[in-house]
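Hi,

Here is the structure I said I would pass on to you. Have a look at it first, then read my notes underneath.

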Amino acid sequence: MKYSYSQIKTFGKCQYKWHLNYKEGLVPPPSDVMSFGKFGHKMIENVLYGRDILHDIVVGEGEFDMTEMQEIQDMLDDAQTVVELFLKTLPLSDWETVEVDGEPLIEKKLEMDLGRGTQYIGYIDWVARHKSSGQVWLWDFKFRGSFLPDWTEELDLQKPTYMKHLYDLGVEPIGTISCQIKNKAPKVPTLTKKGGLSKAKITTTWETYYQAIIDNGLDPADYEDMREKLAGNTWFQLSRSFRQPEEIDRTWNEVFLRTVDKIETQWSSDTPPPRSIDFMSCNMCQFRDICIEDLKGRDTEDLKALFNRREKQHASKDTIQ
Ligand code: SF4
């Protein structure tokens, strides 16, 4: 059996959601946010490897084989804009990639044997050394509509488990960095009926706004107040957490492995697990309709038919993402 972090996280949020998603094998269609993140990750990987930012990204082929081609192309353009904006703002040249046996730790595949015939699998985004301080950090890139506060980095479970793997490889990061990047490109301001630019506070950067002033043949002096108005709009945020080996060990043993044990038990049970019903859990749940209809005692087969199905994984020992 192979466990991904997604499965662990889903189980932690709502066991009944895990049951539908993994045990019944219902797979929701990928959201725009997920597709945007896929593009963004691939672009950052390309840049870290010193390749062209669009290397291996061909819309309509391989992992980017999606329907709605124009929408996907627009999303690709937006992803390129935000990744380039991020790279312009944060000097990655201050960092160097850590290697293990000559292999750069960029999108590094992780496979950890958990014993009992189980494995933990995933991908580590980046492990890099800050050139001037010599500190090694584990990086994770996330593309989001709005940023989580810095303190939430302390509550991240995925990166401590990846740090455990790095310790096993002889790499000892001093902590973890969450690099949150907006999943929308800065908006180009619209022209008003009078032929000027709207001064409404839109989600854009001063650079984008300034470019629109120039493109429309307007006088930058008339829009100087917008520089300050837009100054608070940021397109990325770094949140750090220093982590000691004791914290990593405790998180691994007391949170991660115990959750895996619980999932193992649930896999072999014929009784569906309990639901975590509340607004925060259920608001964004893709299985909400099925869950509610089932509670009302109604037939849910039509609703389930709207989802793709995973293979029967537990018995076949396939990877479950
Ligand atoms: S709707 Fe709520 S209780 Fe039901 S599966 Fe989703 S998260 Fe769990």
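Below is what I found, starting with the ligand and then moving on to the domains and strands.

Before anything else, keep in mind that this is a predicted model.

So, what sits around the ligand? The shell takes in Cys14, Tyr16 and Lys17, then Arg275, Ser276 and Ile277, and finally Ser281, Cys282, Cys285, Phe287, Arg288 and Cys291. If you sort that shell by class, you get seven nonpolar residues, three charged ones and two polar ones. Three helices, α2 (15–23), α9 (279–282) and α10 (288–295), each give at least two residues to it.

Next, the domains. The protein is split into domain 1, made of 1–30 + 269–321, and domain 2, which covers 187–233. Try finding both centres on your screen: going by the C-alpha atoms, the centres of domain 1 and domain 2 are 46 Å apart.

Now for some strands. β8 (residues 136–144) runs parallel to β9 (residues 175–182), and eight bridges pair them. To find your place in that pair, look for Arg144, which stands opposite Lys182 in β9. How does the chain get from β8 to β9? It passes through helix α5 (residues 158–168), making a right-handed β-α-β crossover.

β9 has another partner to look at: strand β10 (residues 236–242), joined to β9 by seven bridges, with the two running antiparallel. Here, Gln180 is the residue to pick out, as it stands opposite Gln237 in β10.

Have fun clicking through it!

Cheers

How values were computed. Residues numbered from 1 in each chain as written. Predicted model: local features only at pLDDT ≥ 70, side-chain atom pairs only at ≥ 80, totals over all residues. Near = placed C-beta within 6 Å. Helix = DSSP H or I, 4+ residues; strand = E, 2+ residues; numbered from the N terminus. Nonpolar A, V, L, I, M, F, W, Y, C, P; charged D, E, K, R; others polar. Domains from an automatic or database assignment. Pairing = 2+ DSSP bridges. Right-handed = clockwise from strand over helix to strand, strands pointing away.
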